[in-house]
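Trainee: I have a new protein on my screen. Can we go through it step by step?

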Amino acid sequence: MLAILIWASPASAEWRQAQTSHFIIYSEDGEVGLRAFATRLERYDAAMRVLHGLPDPDLGPANRVTIFAVEDTAAVQRLGRMGSDLMGFYVPRAGGSVAFVPRNVEEAYQEMSAESVLLHEYAHHFLYRNQPAAYPTWFVEGSAEFYSTARFDEDGGITFGLPPEHRAMELFVWGNGLTLKEMLNKLPSELNSREVVRLYGKAWLLTHYLRLEPDREGQLTEYLAEINRGRPSLDAAKAAFGDLGRLEGAIRRYKKREHFAGLRVDPAMLEVGEIEIRKLGPGEAAMMDIRMVSRRGVTDKVAKELAPDARRVAAGFPNDPVVQAWLAEAEFDAGNFAEAEVAADRALAANPKQIEALIYKGRAMMAAARESKSKEPARWDEVRKVLSAANRLDPDHPEPLILFFSSFRAQGIDATDNAITGLKYAYALAPYDRSLRLLLADELLTDGRAQEARAVLASVAYDPHGGETGRIAADVMRKIDAGDMTAAREAWKGATATVEDAFETTI
């Protein structure tokens, strides 16, 4: 039996959706509670924009983070499949980033609340979405920890930089397990499990010190700029921070202080836009358990188990465009491409502007053509017509752009300049998507665009979750820096399987 059937929504509960400038939230909470939660998240985003001096452009629905506020942490853990201490999680995905948290975000495990997990993960999303660049692992995690302990003050202001109590063991008991030089110098693939555990606390400490110690003003900005000019992390650190032994001693003394300063953003500086709340229709509500599993991401086995349930529920709502679009996704995930296209067509008959239906129609058509190894140009032209229609509906939705580019690879021909331009724009919209990074890096390396490729590879190499691909990316960067593109392309062949996996996720 599917894991989603283990928790059944109470009969009296009603699903609602809140739409804000940066989030789409689904919850069975009442309207008052949902509005308060949405307001809190929007204030958090606004406060970070104030600190960074960033504008607030209209993202459009595709580039908002979708949050599913589920019953409790047990429901989060069933969806996450990551262990009994999971308080929430986030999946970065172009056109469909999602997060799962319990409705009661104050639930905690070893001093770490579900809200702090959500704020930590959104800080990652915020950083890459608004200031895309190459960031070393310690800064990626240290910065997210810095923002994750935000205090929402009673007057409406927000204070950042409070000590993360859940990192106390790392800082005060295990603090000597990772030296500053190691933390600055090692790539994610070079850290052992002990060092990874110790990194978060020390990274928070260094981030806090560099941001709030007056004598160090400007040094962090210069360090990050040097890295993005192509300088190795350790060399950049020496140039920006000076003697690293002195810096190690300084942060050891710093962590012993009784009080840590914070950065406060006054409420008058925080603008929260309109929050639209609606009750889901009966079809959408009936599909929510299925929808959450689909959005989380499914294995082949789960996808095949999920599709019959999705079909059964959707049968009661044949003219609901949202329900039929969600069914198209479930059928596609299960490899039922013809059925996915039929469901998408039902959705489009009810609403020709249902962009999810267009996307899954295009996905299903492409997958079927690829599976049959079709070389017929007319068939591939039809695929691209559907994806182009989706792009016209929302030019800032990255997924149609990625799929349009991928259609050329699926056909076995070179992508057009227009398709490559679209892929680059998709990356500008969603630089946090790891699969997209791999696709773009592969295309740039193939095309010999050394410096463009290096910039994308740097974010792969420094990605805390980059794994073996991150190690290969670092090796390729070294070869690019040495001016040997032939060797760089050869080294990248080791990541070919991963790139192909990334391509598979797009179709």
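Mentor: Start with the hairpin that joins β1 to β2. Keep in mind that this is a predicted model.

Trainee: Through how many residues does the hairpin join β1 to β2?

Mentor: Look at the two strands. β1 covers residues 16–19 and β2 covers residues 23–27. They run antiparallel, joined by four bridges. The hairpin between them passes through three residues.

Trainee: Which residue in β2 is the bridge partner of Gln17?

Mentor: Gln17 falls in the range of β1, residues 16–19. Its partner must be looked for in β2. That partner is Tyr26.

Trainee: Which residue in β11 stands opposite Arg16?

Mentor: β1 is also joined to strand β11, residues 276–279. Four bridges hold this antiparallel pairing. Opposite Arg16 in β11 stands Lys279.

Trainee: In what order do the three strands of the open sheet come?

Mentor: Find the edges. The edge strands are β8 (151–152) and β10 (263–265), and each pairs on one side only. The pairing in this sheet is antiparallel. The order is β8-β9-β10.

Trainee: Which residue in β9 is the bridge partner of Arg151?

Mentor: Arg151 falls in the range of β8, 151–152. β8 pairs with β9, residues 158–160, over two bridges in the antiparallel sense. The partner of Arg151 is Thr159.

Trainee: Now the rings. Is the pair of Tyr223 and Phe241 stacked, tilted or edge-to-face?

Mentor: The structure holds 20 aromatic pairs, and this is one of them. The ring centres are 5.0 Å apart. Planes under 30 degrees apart count as stacked and over 60 as edge-to-face. Here the planes are at 35 degrees, so the pair is tilted.

Trainee: How many residues apart are Tyr223 and Phe241?

Mentor: The pair links distant parts of the chain. Tyr223 is in helix α8, residues 219–228, and Phe241 is in helix α9, residues 233–241. Their separation is 18 residues.

Trainee: Is Tyr223 buried or exposed?

Mentor: Buried means under 20% relative accessible area. Phe241 has 5%, so Phe241 is buried. Tyr223 has 0% relative accessibility, so Tyr223 counts as buried.

Trainee: What kind of aromatic pair do Phe404 and Phe408 form?

Mentor: Both lie in helix α17, residues 398–411. They are four residues apart, about one turn of the helix. Their rings are 5.6 Å centre to centre, with 75 degrees between the planes. That makes the pair edge-to-face.

Trainee: The charged end of which residue sits over the ring of Phe408?

Mentor: Phe408 is buried at 6% relative accessibility. Its pair partner Phe404 is buried too, at 16%. A charged end sits over the Phe408 ring, 3.9 Å from the ring centre. It belongs to Arg384.

Trainee: The charged end of which residue sits over the ring of Phe152?

Mentor: Phe152 falls in the range of β8, 151–152. The charged end lies 3.9 Å from the centre of its ring. The residue is Arg40.

Trainee: Where is Lys373 found?

Mentor: Lys373 is exposed, with a relative accessible area of 70%. Its phi is near 55 degrees, a positive value in a residue other than glycine. Its place is the loop between α15 (355–371) and α16 (377–393).

Trainee: How far apart in space are Ser116 and Glu170, C-alpha to C-alpha?

Mentor: Ser116 is in helix α3, residues 114–130. Ser116 is buried, with a relative accessible area of 10%. In sequence, Ser116 and Glu170 are 54 residues apart. In space, the distance is 17 Å.

Trainee: Step back to the chain. What is its radius of gyration?

Mentor: The protein chain has 23 helices and eleven strands. The globule rule gives 23 Å for 507 residues. The chain is close to that, so it is as compact as a globular protein of that length. Its radius of gyration is 23 Å.

Trainee: What share of the residues in the protein chain is buried?

Mentor: Take the surface too. The chain exposes about 21,800 Å², and carbon and sulfur atoms supply 50% of that. Of the 507 residues, the buried share is 57%.

Note on methods: Residues numbered from 1 in each chain as written. Predicted model: local features only at pLDDT ≥ 70, side-chain atom pairs only at ≥ 80, totals over all residues. Heavy atoms only, no water. Phe/Tyr/Trp six-rings, centres within 6.5 Å; stacked < 30°, edge-to-face > 60°. Buried < 20%, exposed > 50% of the residue type's maximum accessible area, 1.4 Å probe, protein only. Lys NZ or Arg CZ within 6 Å of the ring centre and 35° of its normal. Rg over C-alpha atoms; globule rule 2.2 N^0.38 Å. Areas by Shrake-Rupley, 256 points an atom, 1.4 Å probe, with all protein chains shown as cover. Pairing = 2+ DSSP bridges.
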